[in-house]
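User: I'm looking at a protein model and keep tripping over the terms people use. Can you walk me through some of them?

Analyst: Sure, let's have a look at it together.

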Amino acid sequence: MADARRPMSAPPEVVFSTATDANRATAWLPSALLDSPTADAQHRSTEWRAHWRSERNPDWSAHLVVMASPAGGADVSLVLEAGDAGPEELTGLADETLDSLAREVADNLQAS
């Protein structure tokens with residue numbers, strides 16, 4: 001299991017809607033999770049949560065939490081689990097996954 005965190009300048013609603021858009025999943029989710037790109041999503045007050053679990057790779061899952069940042073924008077955290085990846089590899093993949101999500105959010109904002 002690896003945990004990655006990063007701030008994003010976009011509003012949390014935009015980050016979350018981008019993350020949970022099945023059409024954008026291939027741009028940021030690890031390939032092992034793309035067999036089920038639809039997220040189990042929840043919204044509570046100022047916190048948005050989404051969960052993905054692979055149907056073909058049951059050891060793979062991702063848990064995303066997006067919160068409104070007091071400074072504006074969003075604070076995003078990702079917990080990535082993969083039974084076949086080592087800790088360093090998984091940590092790198094979690095960081096890379098959030099970087100990819102940040103790029104996709106920026107693209108989404110430019111398209112709006």
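User: How many aromatic pairs are there?

Analyst: The count is 1 aromatic pair. Rings of Phe, Tyr and Trp (its six-membered ring) pair if their centres lie within 6.5 Å; planes under 30 degrees apart count as stacked, over 60 as edge-to-face and the rest as tilted. This is a predicted model, where local features need pLDDT of at least 70, side-chain atom pairs count only at pLDDT 80 or more, and totals for chains, interfaces and linings use all residues. Residues are numbered from 1 along each chain as its sequence is written, and side-chain values use heavy atoms, with hydrogens and water left out.

User: What makes Trp 28 and Trp 52 an edge-to-face pair?

Analyst: Their centres are 5.3 Å apart and their planes sit at 85°. The cut-offs are within 6.5 Å and over 60 degrees, so the name fits.

User: Why is Trp 28 called buried?

Analyst: Its relative accessible area is 2%. Buried means under 20%, exposed over 50%, and partly exposed in between (1.4 Å probe, protein chains only), so Trp 28 counts as buried. Trp 52 has 1%, so Trp 52 is buried too.

User: And why is His 63 called partly exposed?

Analyst: His 63 has 27%, which falls between the two limits, so "partly exposed" is the right label.

User: How do you know that His 63 and His 51 make a polar contact?

Analyst: Their side chains are joined at 2.7 Å. A polar contact is a pair of N or O atoms within 3.5 Å; within protein, one must be able to donate a hydrogen and the other to accept it, and residues adjacent in sequence count only if both atoms are side-chain atoms. The side chains of His 63 and Glu 81 also have a polar contact, at 3.3 Å.
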